[in-house]
Amino acid sequence: EVTSLIGIITDKKIHVHAMICDNQFQTHAGHLAKMVISGACEIHLFAGSEPVGRKLDEETGLELLDI
């Protein structure tokens, strides 16, 4: 079961964190790279009024949100 699915969609990538529960009721959390839904999964997407992009931060080498 998906207990939490939080992230952001920008023009360059999808970055999602997930928490799932297995059939032994153990939870697992981290970055979500791929997911297959076997039954149902309710997902709500909220669109902002302004586009969100990413910009390379030279100091860290990360593509940070450009907002």
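## Strands, pockets and two cysteines

Strand β3 lies largely in the open, because the number of buried residues among its 5 is 0. Buried here means under 20% relative accessible area, exposed means over 50%, and partly exposed is anything in between (1.4 Å probe, protein chains only). Strands are DSSP runs of E with at least two residues, numbered from the N terminus. This is a predicted model, so to speak on paper: local features need pLDDT of at least 70, side-chain atom pairs count only at pLDDT 80 or more, and totals for chains, interfaces and linings use all residues. Residues are numbered from 1 along each chain as its sequence is written, and side-chain values use heavy atoms, with hydrogens and water left out.

Now for the sheet that β3 belongs to. It is an open one, built from 3 strands in the order β1-β2-β3 with antiparallel pairing; two strands count as paired if DSSP finds at least two bridges between them. Its edges are β1 (2–9) and β3 (27–31), each of which pairs on one side only. On average, neighbouring strands are turned by 5° against each other, direction ignored. That angle is taken between axes, which are lines fitted to C-alpha atoms, and angles run from 0 to 180 degrees between N-to-C directions.

On one side of the sheet, β1 and β2 pair in the antiparallel sense over 7 bridges, and glycine 7 stands opposite valine 16 in β2. The link from β1 to β2 is a hairpin through 4 residues. On the other side, β2 (residues 14–21) runs antiparallel to β3 and is joined to β3 by 5 bridges. Two of the residue pairs there can be named: isoleucine 20 has histidine 28 in β3 as its bridge partner, and cysteine 21 has threonine 27. As a general point, side chains in a regular strand alternate between the two faces of the sheet.

The hairpin between β2 and β3 has 5 residues between the strands. Phenylalanine 25 sits in this loop and has a positive phi of about 65° although it is not a glycine. Most residues other than glycine have a negative phi. Phenylalanine 25 is also exposed, with a relative accessible area of 71%.

Further along the chain comes another hairpin. β4 (53–57) follows the loop that holds proline 51, and β4 pairs with β5 (residues 62–66) in the antiparallel sense over 5 bridges. Leucine 56 stands opposite glutamate 63 in β5. Between β4 and β5 there are 4 residues, and glycine 61 in that turn has a positive phi of about 80°. As for proline 51, it counts as exposed because its relative accessible area is 72%. Proline 51 is 33 residues from alanine 18 in sequence and 24 Å from it in space, C-alpha to C-alpha.

What about open space? The largest pocket holds about 650 Å³. A pocket is found on a 1 Å grid over the protein atoms alone, as an open set of points where a 1.4 Å probe fits, with protein on both sides within 12 Å along at least five of seven lines; lining residues have an atom within 4 Å of a point. The volume is the space filled by probe spheres set on the points, which are joined across faces, edges and corners. This pocket is lined by 23 residues, and Gly7, Ile9, Ile43, His44 and Leu45 lie nearest its centre. The elements giving two or more residues to that lining are β1 and β2, with β1 giving the most, 8 residues. By class, the lining has 16 nonpolar, 5 polar and 2 charged residues. Ala, Val, Leu, Ile, Met, Phe, Trp, Tyr, Cys and Pro count as nonpolar, Asp, Glu, Lys and Arg as charged, and the others, Gly among them, as polar.

The second largest pocket has a volume of about 170 Å³. Its lining includes Glu1, Val2, Ile20, Asp22 and Met35, along with Cys21 and Cys41. The class split is 8 nonpolar, 2 polar and 2 charged residues.Those two cysteines are worth a look together. The structure holds 0 disulfides, a disulfide being a pair of cysteine sulfur atoms within 2.5 Å. For cysteine 21, the nearest cysteine sulfur is that of cysteine 41, 14 Å away. Cysteine 21 is buried, with a relative accessible area of 18%, while cysteine 41 is partly exposed at 29%.
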